[in-house]
Each structure stands twice: as structure tokens, then as C-alpha cells.
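Trainee: I would like to learn how to read a structure like this, feature by feature. Could you take me through it?

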Amino acid sequence: MSRKIKIIAAVVVLLVAAAAAGCYWQVLRFAAAPLRINQETIFTLPAGTGRVALQARLESQHIIAPSSWFSVLLKLKPELARFKAGTYRLEKGMTVRQLLTLLASGKEAQFPVRFTEGTRLQDVLRELRNSPWVKHTLKDDRPETVAAALKLPEGANLEGWLWPDTWLYTANTSDVALLQRAHQRMKTEVAAIWQNRQPDLPYQSPEEMVTMASIIEKETAVSDERNKIASVFINRLRTGMRLQTDPTVIYGLGEKYNGVLTRKDLETPTPYNTYTINGLPPGPIALPGKASLEAAAHPIKSNYLYFVADGKGGHTFTTNLASHNQAVKAWRMTMKEKNER
């Protein structure tokens, strides 16, 4: 080979190498480029999406800029091409490489749904209906429909038997799956608390303890009052007094309750009206939190038989009717003064 040919060949090799290096640099530059999003973005990758379809989807949603380097990047970095179907959370400032790494990891976005202490089953179901990433499978929100979907025993009701918490889930998790998780957690927690309850409490079953806890939950949000309120109701059960607690009346009224309890409401019998029935109502009236469950299982030792709001966010506890009437009078005076301001 002549000297001239060798020089030409060397030049060609150098040019090819330079072009390859330039190409590789462009690919790395593209991989390090930030996404075009200015805020957190939820991106869904359907099952069966290939490389070309992925690029088209990202470009059409203005997540990446149109570029011929996308396909080259996937060829040079095959580990980034093993993307998995799912719904992902893309953060502002994320690069193309970080995006592909996330899609390859399969770590889907987690969405929260809150089941709140003191709310009812209908409130939980409404929360699920309003959660756009939940897969809605319940045909309606009737308690019997929900019980059947969770394969509960005939006649069972889920009211009060869901653990209140913020539950995280991935897109297309079903409403029933979330309810099952919350129900199982509640059963586990109740079993543990029931096992460690005070002896000689007037409950015949864990279900009755949950019912009591739900009433406590509705009566106060003050932490150090819960076991005092529990003691009032325990003392009433032991002496044969009716519980006479307004939240049970409200629950029993259902849709008829308009925000104001009247004397007629207190005197109208329902299965839940503890002004007209003896003992506990037939089931919980709300989701009790752990603090209320613990209070129901561990009331303080007291002689309290009455309590009334003190107008300052708490309650006044008394042991006899005369003292209770004085506390009611004081509460009315406090409320009158507030209204006159």
C-alpha cells in the first residue's frame, strides 16, 4: 500500500472516530437534557408500548423535545430500553436519562386517599369515588353491596370497621382492594386491643368495643378526654342508665338530620337512638381512631355519669344530676356571652 493511500486511510479512520465521538457526545447531551415540563407531571405508559410509540407519546405530551437521538440513546444504553407499563410521577428538573431509568425501574407513582377518624362508610366511599386514579368496581355504595364485594358474612356491615389512615396506592388499584386493606388492618388492630383490654368491661364482643370507640370518637377530639368519656359510658352501662349520646341520635336519623337536634328527635325511636334504647346501639356510628379504641378498652376509674361541653372546646364531667345541671347552665351562659359579642 502506497504512503498516500495509508495517509488517506488514516484520515478516514480519524474522521469516522471523530464522527462517532461527536455522535456519542450528542447522545449524552440529549440524555442529560431536562424534560420540558415545568411542574410535576403524571405520565402513563400503556402495556405493550414499544420504543417508537414511547418516543411519540413523550413528544406528543411535550415531555421531551423531538429528537433523532432518542432511539440512538436506547440502542447505546439498552438498560434504559427495558421500560415497564405503569403510571409514573415525573418531577420538574428530571433529565431524559432519569425519566428512562424511572420507567425501567417500574416504581409507579403512589397516590393518597384519606379515611378520616369520625367519618362514616358513606364518606369513605365518596372519597374513593372522587379519587381519579382508583379503579371503580363497586356498582353502587349501598352497605350490602360493599359487604358482598368484600365477601363479608351475610348481614355484616363495614361501618366503623375501616382503619382510618392515609392509604397509598398505584393507579388502577380497585376501590375494593383499598377497602380490604383498611378492613384487614382494623381487624388486626382491634384484635390486639381487645386482647389487652381492662378486665371486667361490660362488652360482650370486640364489635361492642368498636361501637363504644366510635361514640367516643364522635363525642370529643380532645386527647386527654377520651378515657374520661369512656368511663362515663362504662359507668352508665354498669348501672343500667341509658347512654343518651347525641351522635347516636344523629346517626339514626340518617338523611333526616338537618344539622339541628330537636327534642322530638331525641324522643323519636330508632335502633341507634340511645335516648330510647338501653345499652349500646347495634353497631358503630363512625370510624374510630386508635386513641378512641384504646380509650374504650382502657377507661379511667371514675364515678362520672355526666358530661357537657364547656364552651371552650372541652367538657365538664360530673358525678350527679344536680352538678350536671349546673354545668349545663354554665355552658349556656358561656354560649350566650359568645353570641352577644
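Mentor: Gladly. Let us begin with a term: two residues are in contact when heavy atoms lie within 4.5 Å. Keep in mind too that this is a predicted model.

Trainee: With that in hand, how is the protein divided into domains, and how many residues of domain 1 are in contact with domain 2?

Mentor: The assignment gives domain 1 (13-105), domain 2 (110-190) and domain 3 (200-304). Four residues of domain 1 are in contact with four residues of domain 2. The centres of these two domains, taken over C-alpha atoms, are separated by 38 Å.

Trainee: Next, the interior. Which residues touch the most other members of the largest nonpolar core?

Mentor: A core of this kind is a set of buried nonpolar residues joined through their side chains. Here the largest one has 55 residues, and L128, L179 and Y203 touch the most other members. Several elements give two or more residues to this core, among them β3 (111-115), α5 (121-129), α7 (175-195) and α12 (290-297). Of the contributors, α7 gives the most, with eight residues. Domain 2 and domain 3 each provide at least three residues of this core.

Trainee: What does L179 touch, beyond residues up to four places away in sequence?

Mentor: L179 touches V124, L125, L128, L138, V146, L150 and L162. There is also a second, separate core of 25 residues, which includes I63, I64, L74 and A81.

Trainee: Which residues of helix α4 are buried?

Mentor: "Buried" here means under 20% relative accessible area. In α4 (residues 96-105), that holds for V96, L99, L100, L102, L103 and A104. Just after α4 comes G106, with a positive phi of about 75°.

Trainee: Now for empty space. What volume does the largest pocket have, and what lines that pocket?

Mentor: The general idea first: rolling a probe the size of a water molecule over the atoms shows where empty space is left. In this model the largest pocket has a volume of about 1100 Å³. Its lining is made up of 29 residues, and Q244, D246, Y275, F307 and V308 lie nearest the centre. By character, the lining divides into 17 nonpolar, five polar and seven charged residues. Elements that each supply at least two lining residues include α10 (246-253), β7 (306-309) and α13 (321-340). It is α13 that gives the most to this lining, with five residues.

Trainee: And how does the second largest pocket read?

Mentor: The second largest pocket has a volume of about 380 Å³. It is lined by 22 residues, with A156, N157, W161, E207 and P284 closest to its centre. That lining divides into 14 nonpolar, four polar and four charged residues. Its largest share, five residues, comes from α7. Domain 2 and domain 3 each supply at least three residues of the lining.

Trainee: One last residue, Y304: where is Y304 found, and why does Y304 count as partly exposed?

Mentor: Y304 is found in the loop between α12 and β7. The partly exposed class runs from 20% to 50% relative accessible area, and Y304 falls into that class because its value is 24%. Leaving aside neighbours within four places in sequence, Y304 is in contact with S231, V232, N235, F317, T318 and T319. Y304 and F233 are 71 residues apart in sequence, and their C-alpha atoms are 8.8 Å apart in space.

Notes. Residues numbered from 1 in each chain as written. Predicted model: local features only at pLDDT ≥ 70, side-chain atom pairs only at ≥ 80, totals over all residues. Heavy atoms only, no water. Core = buried A, V, L, I, M, F, W, Y, C linked by side-chain atoms within 4.5 Å. Buried < 20%, exposed > 50% of the residue type's maximum accessible area, 1.4 Å probe, protein only. Helix = DSSP H or I, 4+ residues; strand = E, 2+ residues; numbered from the N terminus. Domains from an automatic or database assignment. 1 Å grid on protein atoms, 1.4 Å probe; cavity = no way out; pocket = protein on both sides within 12 Å on 5 of 7 lines; lining within 4 Å. Points joined across faces, edges and corners; volume = space filled by probe spheres on them. Nonpolar A, V, L, I, M, F, W, Y, C, P; charged D, E, K, R; others polar.
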